[in-house]
Amino acid sequence: MQNPAPFQLILFHRDLAFSKASVAAGVDGLVIDLENKGKAARQVGFDTEINSHSLADLGAVKAIAGAHVLCRINGPGPDMDREIADALHAGADEIIVPMIRHTDEASAAVEAVSGAARITLMVETTEALELIPALCALSIDRIYVGLNDLRISRESASIFEPLIDGLLDRIRADVQDVQFGFGGLTLPGRGDPLPVHHLVGNLARLRADFTFLRRSFYRDVVGQNPENAFSLIRRDIQEARARGAAQVSAEFDWMKAAIRAMTAAQNG
């Protein structure tokens, strides 16, 4: 059996010094997040992160030698072509398009990029769940399942519900010939409310290719060398990928029980 490709870790930019250190330490991508239209209203009452990056930030990060820069624009709308053009002009290597609801929206994004950068489409609406094969047939590079907005769209009790109700398995079965990712990681032994080892196990079980580092990573990594931090996370993934079927199944059952107990406690 062919060995899987190295797992990719992608970090949301926070400050230039840490981003430079992260590139030197081997992070696979830095995200400049320009998605802000309607996001605060959509996510009100949910514990999510809304960034305040700018095109100037994109240019500054692009100037880091060896940096692969991803730019998340706003969701499809009348300004999408201009936002893509601005991001490309500022040096984006990859465009992330959130809140896809129709195949023609994704097609319009592909046309606007016109081969000038890689493309990641975010699956985070109930409408997008029915479009996976059609999306993968486009000239895109990645599919990322956004659990926070998917929870809102599905009106789920927990962001982790897709891990236990079979949804992620169904999505993964439909994702062909493009990279697949979901969730977010931090250092081994950390993670709240769900310990990160459960996500590591399922990223491996579902043969994911990449993930983002969650916002708590910045808190957890204080005082550590970024190179050491990335090495620990990659080792965790590598070990999870090497587990046998019986252990994978047992850990999956363990995770399902943990999520159900956590959701019951949160909902009283």
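These numbered points go through selected helices and residues of the structure, which is a predicted model.

1. Helix H5, residues 103-113, is a good place to begin. The buried residues of H5 are Glu105, Ala106, Ala109, Val110 and Val113. Because these residues cover an arc of only 140° around the axis, they are on the same side of H5. Asp104 and Glu111, by contrast, are exposed on the other side of H5.

2. The surroundings of H5 can be described next. Its buried residues pack against two helices, H4 (80-89) and H6 (132-136), and also against the strands E4 and E5, the latter spanning 118-123. After H5 comes Ser114, a residue with a positive phi, near 55°.

3. Val97 gives a view of this region from the side of a strand, since it belongs to E4, residues 94-97. With a relative accessibility of 1%, Val97 falls under the 20% limit and therefore counts as buried. Leaving aside residues up to four places away in sequence, Val97 touches Ile73, Pro76, Met80, Ala109, Thr120, Leu121 and Met122. Among these contacts, Ala109 is also one of the buried residues of H5.

4. For a sense of distance across the model, Val97 may be set beside Arg260. The two residues are 163 residues apart in sequence, and their C-alpha atoms are 31 Å apart in space.

5. Turning to the packing of helices, H10 (residues 196-205) and H12 (residues 226-241) have axes that come within 8 Å and cross at roughly 55°. This angle makes H10 oblique to H12, and the crossing of the two helices is right-handed. On the H10 side the contact is made by Val200, Gly201, Leu203 and Ala204, and on the H12 side by Asp236, Ile237, Ala240 and Arg241. Sorted by class, the residues of this contact are five nonpolar, one polar and two charged.

6. H10 also meets helix H13, residues 245-266, and here the axes come within 10 Å, with a crossing angle of roughly 135°. H10 and H13 are therefore oblique to each other, while their crossing is left-handed. His197, His198, Asn202 and Arg205 are the residues of H10 that take part, and they meet Val248, Phe252, Trp254, Met255 and Ala258 of H13. By class, this contact of H10 with H13 contains five nonpolar, three polar and one charged residues.

7. Ser22, in helix H1 (residues 16-24), is a polar residue that deserves a separate point. Its relative accessibility is 0%, so Ser22 counts as buried. When residues up to four places away in sequence are not counted, Ser22 touches Leu11, Val27, Pro226 and Phe230. Of these contacts, Pro226 and Phe230 lie within the residue range of H12, 226-241.

8. A second serine, Ser156, is placed in a loop, namely the one between helix H7 (147-154) and helix H8 (161-164). Ser156 has a relative accessible area of 13%, and because buried means under 20%, this residue is buried as well. Apart from residues up to four places away in sequence, Ser156 touches Arg151 and Glu161. Arg151 falls within the range given for H7 and Glu161 within that given for H8, so that Ser156 has a contact in each of the helices that border its loop.

Conventions:
Residues are numbered from 1 along each chain as its sequence is written. This is a predicted model: local features need pLDDT of at least 70, side-chain atom pairs count only at pLDDT 80 or more; totals for chains, interfaces and linings use all residues. Side-chain values use heavy atoms; hydrogens and water are left out. Helices (H or I, at least four residues) and strands (E, at least two) are DSSP runs, numbered from the N terminus. Buried means under 20% relative accessible area, exposed over 50%, partly exposed in between (1.4 Å probe, protein chains only). Contact means heavy atoms within 4.5 Å. Axes are lines fitted to C-alpha atoms, for helices over the stretch in contact, and angles run from 0 to 180 degrees between N-to-C directions. Angles under 35 degrees count as roughly parallel, over 145 as roughly antiparallel, 65 to 115 as roughly perpendicular and the rest as oblique. A crossing is left-handed if the near helix is turned anticlockwise from the far one by less than a right angle, and right-handed if clockwise. The arc is that of the directions from the helix axis to the C-beta atoms.
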